[in-house]
Amino acid sequence: MTVLHQSTLKQNSLLPPAVAFKNSKMFEEAKDAYLQEAEAHTNNKTLFHAAKALEAAGMMLKDMQRLPEAIQYIERASMMYVENGTPDTAALALDRAGKLIESQDLAKAVDLYQKAASVFENEDRLRQAVQMVGKSSRLLVRQHKLDEAAASIQKEKNMYKEIENYPTCFKKTIAQVLVHLHRNDFVAADKCVRESYSLPGFSGSEDCIALEQLLQGYDEQDQDQVSRVCNSPLFKYMDNDYAKLSISLRVPGGGKKKLLAAAAETGEAGAAATDADEDEYAGGLC
């Protein structure tokens with residue numbers, strides 16, 4: 001141990017060992033001290049304090065850039081919080097763990113947010129649960145796991161409907177439609193919109209009108225109309241992961257159906273003009 005560490009520890013001699021090590025930036029020693037503390041509290045059946053110590057050990061591992069190990073300890077702590085009868089603390093710990101691991105492992109972050117949502121849901125805390133589900137949905141979109149994302153967004157929508165937050169239901173319908181169209185499933189996208197007509201205030205709303213125009217453009221392979229809707233503020237200022245879906249949406253066939261229709265109309269007009277010319281000169285030039 002260096003002289004500097006010895007001096008620092010002497011100054012912190014009145015602090016608990018784990019805290020003293022932490023203050024001295026001796027994270028490995030602090031982690032071990034927190035684990036010893038957690039074991040002692042577990043033996044004494046003081047589970048809340050044991051969980052707190054486990055979570056603190058996880059944070060020491062985070063400071064050592066050992067995130068997967070850190071997450072394991074925080075998950076153990078969350079289970080102990082539930083066992084202790086403090087599920088809200090468990091869910092918040094899982095949420096923190098999800099934020100920590102997002103930059104390294106999106107799939108693990110989704111798993112943690114989903115677990116946090118389940119804990120909140122079991123406690124009938126739907127407003128908190130739906131926020132966790134929303135984080136999961138966005139990360140699933142970011143991973144291009146669109147089938148799972150579609151199911152997750154539907155769960156969000158059901159929860160918002162249950163707590164009667166209908167305007168947010170409208171926004172989730174937009175997200176659903178974008179995901180389904182990127183899955184090349186027009187039928188599912190159309191079904192989402194039709195089901196949303198039962199939501200109070202949806203019919204005639206700007207969300208409804210925009211979605212109707214989007215589906216019409218997509219169905220008619222009119223890329224101009226689709227791009228116009230997708231570049232509107234309603235779509236551009238969604239959460240970033242959905243905004244990216246909006247900007248990158250392309251109609252099937254590269255818009256050929258509209259071009260063919262326009263060509264057909266031009267052809268019919270040309271044929272009519274030819275017929276008119278023939279009728280005009282049918283009796284001869286004199």
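**Helices, cores and a few residues up close**

Asp222 is buried, with a relative accessible area of 10%. That value comes from a predicted model, as does everything else described here. With the cut-off for burial set at under 20%, it is easy to see why Asp222 falls on the buried side. As for its place in the chain, Asp222 lies in the loop between helix H12 (206-219) and helix H13 (223-230). Its side chain also has a partner: it reaches the backbone nitrogen of Asp224 at 3.2 Å.

Stepping back to the whole protein, the count is 16 helices and zero strands. Of its 286 residues, 42% count as buried. Contacts between residues at least 6 apart in sequence can also be sorted by how far along the chain the partners sit, and 55% of them join residues at least 24 apart.

What about the inside? The largest nonpolar core holds 73 residues, and the ones touching the most other members are Val177, Leu178, Leu181, Leu211, Leu214, Phe235 and Leu249. There is also a second, separate core, made of eight residues, with Ala18, Phe27, Ala30 and Ala57 among them. Going back to the largest core, Leu178 makes a handy example. Once neighbours within four places in sequence are set aside, Leu178 is in contact with Leu214, Phe235, Met238, Tyr242, Leu245, Ser246 and Leu249.

Next come pairs of packed helices. Such a pair is described by the angle between the two axes and the distance between those axes. Take helix H3 (residues 27-43) and helix H4 (residues 47-63), whose axes are 8 Å apart and which pack at an angle of about 165°. Angles over 145 degrees count as roughly antiparallel, so H3 is roughly antiparallel to H4. The crossing of H3 past H4 is left-handed. On the H3 side, the residues involved are Phe27, Ala30, Lys31, Tyr34, Leu35, Glu37, Ala38, His41 and Thr42, and they meet His49, Ala50, Ala53, Leu54, Ala56, Ala57, Met60, Leu61 and Asp63 of H4.

A second pair is helix H8 (residues 126-142) and helix H15 (residues 240-247), whose axes come within 9 Å and cross at roughly 40°. H8 is therefore oblique to H15. This crossing, too, is left-handed. H8 brings Ser137, Arg138, Val141 and Arg142 to the contact, while H15 brings Asp241, Tyr242 and Leu245.

Two loop residues have a backbone angle worth a look. Lys45 is not a glycine, yet it has a positive phi of about 65°. Lys45 sits in the loop between H3 and H4, and at 70% relative accessibility it counts as exposed. Glu164 is not a glycine either, and its phi is positive as well, at about 60°. The loop that holds Glu164 runs between helix H9 (146-162) and helix H10 (166-182). Glu164 is exposed, with a relative accessible area of 56%.

Last up is Ser78, which belongs to helix H5 (residues 67-84). Ser78 is buried, with a relative accessible area of 5%. A polar atom of the Ser78 side chain lies 2.6 Å from the backbone oxygen of Glu75. Leaving out neighbours within four places in sequence, Ser78 is in contact with Ala90 and Leu94.

Terms used:
Residues numbered from 1 in each chain as written. Predicted model: local features only at pLDDT ≥ 70, side-chain atom pairs only at ≥ 80, totals over all residues. Heavy atoms only, no water. Helix = DSSP H or I, 4+ residues; strand = E, 2+ residues; numbered from the N terminus. Buried < 20%, exposed > 50% of the residue type's maximum accessible area, 1.4 Å probe, protein only. Polar contact = N/O pair within 3.5 Å; in protein donor to acceptor, adjacent residues only side chain to side chain. Core = buried A, V, L, I, M, F, W, Y, C linked by side-chain atoms within 4.5 Å. Contact = heavy atoms within 4.5 Å. Axes fitted to C-alpha atoms, helices over the stretch in contact; angles between N-to-C directions. Parallel < 35°, antiparallel > 145°, perpendicular 65-115°, else oblique. Left-handed = near helix turned anticlockwise from the far one by under 90°.
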